[in-house]
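I sat down with this one to see what the coordinates could tell me. Here are my notes, in the order I looked things up.

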Amino acid sequence: LPPFVLPNLRALACRRNLRCRTFLGFSIAGAIGRGYEVHTSGDLPAARPLYEEALRIQRKVLGNEHPRSAVVLTHLADLSFAQGDLRKAEALAREAVEIRRKALGPDHADFGASLMTLGSVRSAVEPGEEAEELLRRGLAILTKALPTGHWRVAEAESRLGACLTARGKAVEAEPLLVHGYEGLLRGRGAQSAKTSAALERL
C-alpha cells in the first residue's frame, strides 16, 4: 500500500468507532432514561427490561466493571427492592458497591450512594449491625463529598434514621428522620417519591 493509505484507514476506523460508540452511548442513555421514567411512574415490570437492555449494552461496550454499569445496577437493585425481591436487590447492590469502590475510590459520592442502597436493603432483610454500619459509612461519605444541604445527604439521613428506629435507637433516629424529611422537602419538593418515602419513615 502507498504510505499515505494506512494512516487514512486508521483515521477512518477511529471516526467510525467514535460514531458507533456515540450512537451506543445515546442508546444506553435512552434506555436508562426510559427505564427510570417508567420506574418512577410506578410501572415496575415495564422498567426492568429497559434497565436490563441498557446494562447488556454497557457491559458489551465498556466491560463488566465500568462505573457507568453501577448506575443501572443500582436502579435494578431499587426496582427489585420495590418488588420485594430482597435477595436479588442485595446481590445487585453489592455488585454496584464493588464496581464503584474499585473504579471511583472510597471517598466518591457515588460510592457512598451505593453503600446507602446496600444498607437500606440489608436493613429490610435484617436491621442489624451490618446495615447500620453501611448506612453510617454512606452518610459520612455523602456529607463530606456533597455541598451542605444536598438532597442526597437528606435522603441518607432519613434512611439511617429508619434503620436506627428498627434497631430500637429512637432517640438518635428522630432528628435524622426529621432533618432528612425537611431536606428532601426543600431539595426535591413535596411531590417527589423520595420525599414521600421520608415522610412515611417519620
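**Entry 1: a ruler for helices.** Before checking any helix, I wrote down my yardstick: the expected span of a helix is 1.5 Å times one less than its number of residues. I tried this on helix 5, whose 17 residues should span 24 Å at 1.5 Å a residue; the end C-alpha atoms of helix 5 are 25 Å apart, which agrees. Helix 6 (residues 129-145) came next: 17 residues, an expected span of 24 Å, and end C-alpha atoms 24 Å apart, so this one agrees as well.

**Entry 2: what I am looking at.** I reminded myself that this is a predicted model. The mean pLDDT of the protein chain is 86, and 83% of its residues reach 70 or more. Where should I be careful? Over residues 1-26, pLDDT stays under 50, and the model has four contacts beyond four places in sequence for them. Where pLDDT is low, the predicted coordinates should not be read in detail. I therefore leave the details of residues 1-26 alone, as their pLDDT stays under 50.

**Entry 3: the overall layout.** How many helices and strands does the protein chain have? I counted nine helices and zero strands. Read along the sequence, the pattern is α-α-α-α-α-α-α-α-α. Of the 202 residues in the protein chain, 39% are buried. I also looked at contacts between residues at least 6 apart in sequence: 54% of these join residues at least 24 apart. The protein chain exposes about 11,300 Å², and carbon and sulfur atoms supply 57% of that area.

**Entry 4: back to helices 5 and 6.** Is helix 5 mostly covered or mostly open? I found it mostly covered, with 14 of its 17 residues buried. For helix 6, I listed the buried residues: A131, E132, L134, L135, G138, L139, I141 and L142. Which elements cover them? The cover includes helix 5 (109-125) and helix 7 (151-166).

**Entry 5: salt bridges.** The structure holds 17 salt bridges. Side chains of opposite charge can pair when their charged atoms come close. I picked three to inspect.

- R48 and E52 meet through their side chains at 3.9 Å, N to O. Both lie in helix 2 (residues 44-62), four residues apart, about one turn of the helix. R48 counts as buried because its relative accessibility is 18%, under the 20% cut-off. E52 is partly exposed, with a relative accessible area of 40%.
- R159 pairs with E155, the closest N and O atoms being 3.3 Å apart. These two both lie in helix 7, again four residues apart, about one turn of the helix. R159 counts as buried at 17% relative accessibility, and E155 counts as buried at 11%.
- R122 forms a salt bridge with E126, with 3.9 Å between the closest N and O atoms. R122 is buried, its relative accessible area being 12%, whereas E126 is partly exposed at 48%.

Why do residues four places apart suit such pairs within a helix? An α-helix has 3.6 residues a turn, so residues three or four places apart point the same way. I then followed R122 and E126 further: E90, R94, R122, E126 and E130 are linked in a network of salt bridges.

**Entry 6: a loop residue.** I stopped at E65, found in the loop between helix 2 and helix 3 (67-82). Is E65 buried or exposed? E65 counts as exposed because its relative accessibility is 52%, and the cut-off for exposed is over 50%. Which residues does E65 touch, leaving aside its neighbours within four places in sequence? I found I99, K102 and A103. E65 and K102 are 37 residues apart along the chain, with their C-alpha atoms separated by 8.5 Å.

**Entry 7: a nonpolar patch.** Last, I went over the surface. V178, L199 and L202 make a nonpolar surface patch of about 240 Å². Where does L199 lie? I placed L199 in helix 9 (residues 193-201). L199 is partly exposed, with a relative accessible area of 45%; partly exposed runs between the 20% and 50% cut-offs.

How values were computed
Residues are numbered from 1 along each chain as its sequence is written. This is a predicted model: local features need pLDDT of at least 70, side-chain atom pairs count only at pLDDT 80 or more; totals for chains, interfaces and linings use all residues. Side-chain values use heavy atoms; hydrogens and water are left out. Patches are made of residues with over 30% relative accessible area and no salt bridge: like charges are joined within 9 Å, nonpolar side chains (Val, Leu, Ile, Met, Phe, Trp, Tyr) within 5 Å. Accessible areas come from the Shrake-Rupley method with a 1.4 Å probe; for residues, only the protein chains shown count as cover. A salt bridge is a side-chain nitrogen of Lys or Arg within 4 Å of a carboxyl oxygen of Asp or Glu. Buried means under 20% relative accessible area, exposed over 50%, partly exposed in between (1.4 Å probe, protein chains only). Contact means heavy atoms within 4.5 Å. pLDDT is the predictor's confidence in each residue, from 0 to 100.
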